[in-house]
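Thanks for sending this one over. Here are my notes, set out point by point so that you can follow along in your viewer.

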Amino acid sequence: MERKFRIAIAGGGSRYTPGILRMLVNRKERFPISKVVLYDNEAERQEKVGKYGQILMKEYYPECEVVYTTDAKEAFTDIDFVFMQIRAGRLKMREMDEKIAMKHGCIGQETCGPGGFAYGMRSIPAVCKIIEDVRKYSPEAWILNYSNPAAIVAEATKRVFKGDHRIINICDMPIGLLGIYAYVCQKESKQLEPRYFGLNHFGWFTHIYDKKTGEDLLPYIRKVVSNMPEFDGKGFDIDKSWVETFNFLRTMVKDSDEYLPNNYLQYYLYPKRCFSIEDPNYTRANEVMDGMEKKTFEMLDEVIEKGSLEGTEIGKEQITDGHAGYIVDLAYAIAFNTSEKFIAMCENHGTIPNLPEGAMVEVVCIANGQGVEPLTFGEIGTFYKGLLENQYAYEKLTVDACLEGSYHKAWQALTLNRCVNDMPTAKALLDDYIEANKDYWPELK
Ligand code: G6P
Ligand code: MN
């Protein structure tokens, strides 16, 4: 008999969940499922996404049951895969992260700079609590985790759930960039074979091979990207700040003499520029709240009111979602032991021999029934090693600070962050963040 999988989505009330549900519909022949449970601690948002999911499945996937709950036992009992994408403190706290950083003269992004630090300190306890619950009710479930800041979360889950190879931390940015590069070469992503190294939101493509000919297309892509005309975003469902980010890639590529940098490096390598173009009173969190977030929930309301997707903007045709596709494809590769390649976070045990043992590096991996196994990458050059060791030390200290409740380590972490780099500023930031995060952070002594 054909095996049908049961999925739980932690962060079921997220604006990303409708996309994942649509992707599950899209992949139903390849990856058959019998049940999706949405789990969230915010009953109201969850109900909207849950009702939408029930309508979607009734119309396009009647064999799949949709349940939504705020009860961990109900959510995680007898589950095969947990897709986790929670945002501890939601966008309101993201706004605080970003604005407190700006107040102290630093760029405070969602996952990078001091913003990422503050979010990490909220995310670690929240993510760990959910994993504990999953392990209580489904000890063997695969946990595919998107929750940010993924680098810090990965370092924490590695330590707290030592040896649990069924927790896999992923990010859709490298694969999203690969999609852009495929477009540049007039190819599909799946025709390309990338080589990539770094930490999450802190990495570089070193080669992009054409699978058929073996040719390395990276030099060509570099040339095209650095000479790209201005992109205005027209005709794409994309916010202004992302248009800015994609345009800035041209400069980042020109300035790096060999690789293709991940766009998130802009915050660490160009912090002054990032700070100067950000509005301290209207940051990315505001843009998301007023844009994508609002739009998604309005569309859900429309579907719920009509009781059907028919004729609504969120009809199942809109299923080309990289974010959702990536997590579902990874689950498929694990479930069916396909040995496909993915870019994911793994413990460094010789993958990059001149980076610290055990660091959570983001590299190309083989995904199969055993989880993700990294391909050996090799040694990296001095510039990258210096940057990555500094960044990893910052991430490690952030996790230490959170797990040990150490004020001093939190201060050291922020001091090491390239977007801060100054002890008094780090202290002032930390004190403001402690005040703002009373309901979320562990107490720091
Ligand atoms: C990319 C990153 C994610 C990030 C997302 C949304 O996909 O890989 O980690 O959360 O973008 O960022 P935004 O600023 O649009 O909320
Ligand atoms: Mn990411």
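1. A word on terms before we start: two strands count as paired if DSSP finds at least two bridges between them. Please also keep in mind that this is a predicted model. With that in hand, look at strand 8 (residues 202-210) and strand 9, which are antiparallel partners joined over two bridges. One residue to look for here is Trp-204, whose bridge partner in strand 9 is Pro-261.

2. Now widen the view to the whole sheet. It is an open one, built from three strands in the order 7-8-9 with antiparallel pairing. Strand 7 (192-199) and strand 9 (260-261) are its edge strands, and each of them pairs on one side only. Helix 8 (residues 218-226) lies across strand 8 and strand 9, and its direction is at about 115° to strand 8.

3. There is another open sheet to look at, with three strands in the order 10-11-12, and here too the pairing is antiparallel. Which strands stand at the edges? They are strand 10 (340-347) and strand 12; each has a single partner strand, so one side of each is left without a neighbour in the sheet. From one strand to the next, the twist averages 50°.

4. Two helices deserve a look against this sheet. Helix 6 (residues 150-160) packs on it, touching strand 10 and strand 11, with a direction about 65° from that of strand 10. Helix 13 (residues 322-335) lies across strand 10, strand 11 and strand 12, and runs at about 95° to strand 10.

5. The hairpin is a nice detail. Two residues link strand 11 to strand 12, and these strands, residues 360-368 and residues 371-374, pair in the antiparallel sense over four bridges. Asn-368 is opposite Gly-371 of strand 12, while Ala-367 faces Val-372 in that strand.

6. On to ligand 1, probably your main interest. Which residues come nearest? Of the 13 around ligand 1, they are Arg-94, Asn-148, Asp-172, Trp-242 and Arg-284. By class, the shell holds six nonpolar, two polar and five charged residues.

7. Finally, the polar contacts of ligand 1. Arg-284 has a polar side-chain atom 2.5 Å from an oxygen atom of ligand 1, and for Arg-94 the corresponding distance to a ligand oxygen atom is 2.8 Å. In the side chain of Glu-110, an N or O atom is 3.2 Å from an oxygen atom of ligand 1. On its own, ligand 1 has 380 Å² of accessible area, and the protein covers 87% of that.

Methods: Residues numbered from 1 in each chain as written. Chains lettered and ligands numbered in written order. Predicted model: local features only at pLDDT ≥ 70, side-chain atom pairs only at ≥ 80, totals over all residues. Heavy atoms only, no water. Contact = heavy atoms within 4.5 Å. Axes fitted to C-alpha atoms, helices over the stretch in contact; angles between N-to-C directions. Near = heavy atom within 4 Å. Polar contact = N/O pair within 3.5 Å; in protein donor to acceptor, adjacent residues only side chain to side chain. Areas by Shrake-Rupley, 256 points an atom, 1.4 Å probe, with all protein chains shown as cover. Nonpolar A, V, L, I, M, F, W, Y, C, P; charged D, E, K, R; others polar.
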